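The following report describes one protein chain, with attention to its sheet, its salt bridges and the confidence of the model. Please consult the sequence and coordinates alongside the text.

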Amino acid sequence: CLEAIAGDERVEVVRVKNRMSEACDPSFSAGFRCIILNVCLRCDEAYALNIENHVCEVQLVLTAFIGVRDTAVHSRFLRFRDARASTLPSFLSRAVLVGAFGRFT
């Protein structure tokens, strides 16, 4: 899957965060493991819509983690995210979280 995305000439991989690596500190992701790709689309459709510079996040997750993520891990992540945001000035917390996680739940 990763090779297919990286090899697609219509996709520019801007950043890779490998949370599956042993070098990755799980405390930064509330214990969740995945590979995160930030990508931009470089194709005619993206240029026509003027979205070629929009950065999208793609998460590659092992099937075994999906059920765990929907329950305990996701709940822990929400508490982690909210606690982390409470240390930022109010005008920054929303911008940082939207930039880092794409949405609020």
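Among contacts (heavy atoms within 4.5 Å) between residues at least 6 apart in sequence, 45% join residues at least 24 apart in the protein chain. This is a predicted model, in which local features need pLDDT of at least 70 and side-chain atom pairs count only at pLDDT 80 or more, while totals for chains, interfaces and linings use all residues. Residues are numbered from 1 along each chain as its sequence is written, and side-chain values use heavy atoms, with hydrogens and water left out.

**Confidence**

The predictor's confidence in each residue is expressed as pLDDT, on a scale from 0 to 100. The mean pLDDT of the protein chain is 76, and 69% of its residues reach 70 or more. Among the elements of the chain, helix 2 has the highest mean value (94), whereas helix 4 (residues 90-101) has the lowest (44). Over residues 91-105 pLDDT stays under 50, and the model has 18 contacts beyond four places in sequence for this stretch. Where pLDDT is low, the predicted coordinates should not be read in detail.

**Overall architecture**

Helices (H or I, at least four residues) and strands (E, at least two) are DSSP runs, numbered from the N terminus. The chain contains 4 helices and 3 strands, arranged along the sequence in the pattern α-β-β-α-β-α-α. Of the 105 residues, 23% are buried; this term means under 20% relative accessible area, exposed means over 50%, and partly exposed lies in between (1.4 Å probe, protein chains only). The protein chain exposes about 7400 Å², of which carbon and sulfur atoms supply 58%. Accessible areas come from the Shrake-Rupley method with a 1.4 Å probe, and for residues only the protein chains shown count as cover.

**The sheet**

The 3 strands form an open sheet in the order 1-2-3 with antiparallel pairing. Strand 1 (11-18) and strand 3 are the edge strands, each pairing on one side only. From one strand to the next, the twist averages 25 degrees; the underlying axes are lines fitted to C-alpha atoms, for helices over the stretch in contact, and angles run from 0 to 180 degrees between N-to-C directions. Two strands pair if DSSP finds at least two bridges between them.

Strand 1 and strand 2 (residues 35-41) pair over 7 bridges in the antiparallel sense. Within this pairing, Val16 stands opposite Leu37 of strand 2, and Val13 has Val39 of strand 2 as its bridge partner. Strand 2 and strand 3 are joined, again in the antiparallel sense, by 5 bridges, and Ile35 has Leu60 of strand 3 as its bridge partner.

Strand 2 is largely enclosed by the rest of the structure, because 6 of its 7 residues are buried. Asn38 is located in this strand and is buried at 11% relative accessibility. Beyond neighbours within four places in sequence, Asn38 is in contact with Glu12, Val13, Val14, Arg15, Val55, Cys56 and Glu57.

**Salt bridges**

A salt bridge is a side-chain nitrogen of Lys or Arg within 4 Å of a carboxyl oxygen of Asp or Glu. By this rule the model has 2 salt bridges, listed below.

| Salt bridge | N to O distance |
|---|---|
| Asp8 and Arg10 | 2.7 Å |
| Arg42 and Glu12 | 2.6 Å |

The pair of Arg42 and Glu12 links distant parts of the chain, 30 residues apart: Arg42 lies in the loop between strand 2 and helix 2, and Glu12 in strand 1. Arg42 is partly exposed at 24% relative accessibility, as is Glu12 at 34%. In the other pair, Asp8 is partly exposed with a relative accessible area of 21%, and Arg10 is partly exposed at 48%.

**The loop between helix 2 and strand 3**

Glu52 is placed in the loop between helix 2 (44-48) and strand 3 (56-60). Glu52 is buried, with a relative accessible area of 15%. Apart from neighbours within four places in sequence, Glu52 is in contact with Cys40, Leu41, Arg42, Ala46 and Tyr47. The C-alpha atoms of Glu52 and Glu12 are 9.7 Å apart in space, with their positions 40 residues apart in sequence.

Asn50 also lies in the loop between helix 2 and strand 3, but is exposed at 61% relative accessibility. Most residues other than glycine have a negative phi. Asn50, by contrast, has a positive phi near 60 degrees.
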